[in-house]
Amino acid sequence: MNYYKEHAKHYVGVDCVIFGLHEGKLNILLIKRRMMPGKGQWSLMGGFVEENESVDEAAKRVLYQLTGLENVYMDQVGTFGAIDRDPGARVISVAYCALLNFDEQDHQRVTDNDAHWLPLEDMPQLYFDHPLIVEKALEYLRLQVNRKPLVFQFLPELFTLSQLQSVYEAILGEKLDKRNFRKRINDEGVLEKTELIDKSGSKRGATLYRLKSKD
């Protein structure tokens with residue numbers, strides 16, 4: 001029985017702001033729209049919530065369809081419901097921020113979806129209210145970066161302290177003092193030092209670290 005038939009019906013969608021680190025820069029995964037409205041325009045990857053799924057499940061489905069990845073860090077960053085945000089219909093969108101390791105994606109799937117990784121600093125004009133959604137996602141990422149171990153989503157299992165610092169700098173958009181950064185990281189006690197050395201950057205090499213296990 002429909003108890004709410006006298007009320008207006010709206011579409012509910014999800015939009016995914018997908019961040020990755022490439023060549024030391026924070027990148028965002030965008031698509032060229034293949035349908036109206038906004039055909040040919042840049043936008044985030046999104047979709048409608050189906051009757052048999054939650055908004056979280058819809059976001060995970062959209063992410064998998066685009067990148068071939070599952071079990072990726074995702075979190076809601078806001079709900080966007082301006083009356084005129086979508087010229088096609090009244091659509092309320094729940095936005096998500098997703099962080100992934102650039103090398104782990106299904107590159108062919110990304111290409112097939114006409115999706116492209118672009119440095120955030122070179123982001124083109126986006127359709128709908130997607131510029132606002134990206135702004136809120138970046139605010140969320142920068143707010144949480146010192147509260148949660150989010151940066152490790154961008155790194156391989158083993159990494160140097162210089163690589164870790166470069167991720168922080170890419171997210172925050174600013175240079176960090178090396179000594180202060182390393183002291184803070186050591187004080188947090190989240191890293192495990194290994195006996196392995198990375199010599200790709202110099203003959204002397206740099207010690208490799210990993211994120212401590214929660215066990």
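**Surface, cores and buried polar residues in a predicted model**

The protein chain exposes about 13,000 Å², and carbon and sulfur atoms supply 48% of that area; the areas come from the Shrake-Rupley method with a 1.4 Å probe, and for residues only the protein chains shown count as cover. The model is predicted, so to speak of local features takes a pLDDT of at least 70, side-chain atom pairs count only at pLDDT 80 or more, and totals for chains, interfaces and linings use all residues. Residues are numbered from 1 along each chain as its sequence is written, and side-chain values use heavy atoms, with hydrogens and water left out.

Along its principal axes, the C-alpha trace spans about 70 × 35 × 30 Å. The chain has 5 helices and 9 strands, taken as DSSP runs numbered from the N terminus (helices: H or I, at least four residues; strands: E, at least two). Read from the N terminus, the order is β-β-β-β-α-β-β-α-β-α-α-α-β-β. Of the 215 residues, 40% are buried, where buried means under 20% relative accessible area, exposed means over 50%, and partly exposed is in between (1.4 Å probe, protein chains only). Among contacts (heavy atoms within 4.5 Å) with a separation of 6 or more, 62% join residues 24 or more positions apart. As for charge, there are 29 positive and 32 negative side chains, and the centres of the two sets lie 5 Å apart. In that count Lys and Arg are positive and Asp and Glu negative, with His and the chain ends not counted; each charge is placed at NZ of Lys, CZ of Arg, CG of Asp or CD of Glu.

Next come the nonpolar cores, each a set of buried Ala, Val, Leu, Ile, Met, Phe, Trp, Tyr and Cys residues joined through side-chain atoms within 4.5 Å. The largest has 40 residues, and F19, L26 and L164 touch the most other members. Elements giving two or more residues to this core are β1 (11-22), β2 (25-32), β5, β6, α3, α4 (161-172) and α5 (178-188). Apart from it lies another core, of 22 residues, with L66, L69, V94 and L100 among them. Back in the largest core, L164 has V151, F152, L155, F159, F181, I185 and L191 as contacts, leaving aside residues up to four places away in sequence.

R85 is worth a closer look. It sits in the loop between β5 (73-80) and β6 (91-100), yet counts as buried because its relative accessibility is 7%. Its side chain makes a polar contact with the side chain of D129 at 2.8 Å and reaches the backbone oxygen of V91 at 3.3 Å. A polar contact here is a pair of N or O atoms within 3.5 Å; within protein, one must be able to donate a hydrogen and the other to accept it, and residues adjacent in sequence count only if both atoms are side-chain atoms. Beyond four places in sequence, R85 touches D15, F80, V91, S93, F128, D129, H130 and I133. H130, in helix α3 (residues 130-144), is buried too, with a relative accessible area of 2%. On the same sequence cut-off, H130 touches D15, S43, L44 and R85.

Q105 is another buried loop residue, at 6% relative accessibility, and lies between β6 and α2 (107-112). The side chains of Q105 and W117 are joined by a polar contact of 2.8 Å, while the Q105 side chain also reaches the backbone oxygen of F102 at 2.9 Å. Farther than four places along the chain, Q105 touches T67, L69, V110 and W117. A58, in helix α1 (residues 55-67), is buried at 0% relative accessibility, and V14, V49 and E53 are its contacts once residues up to four places away are set aside.

A few backbone details round things off. The peptide bond from M36 to P37 is cis, with omega near -5 degrees, and P37 is in the loop between β2 and β3 (42-43). N71 has a positive phi, near 55 degrees, without being a glycine; this residue lies in the loop between α1 and β5 and is exposed, with a relative accessible area of 83%. D114, also not a glycine, has a positive phi near 55 degrees. D114 is in the loop between α2 and β7 (115-119) and is partly exposed at 27%. At the start of α5, a side-chain oxygen of D177 comes to within 3.3 Å of the backbone nitrogen of R179, and just after α5, G189 takes a positive phi of about 65 degrees.
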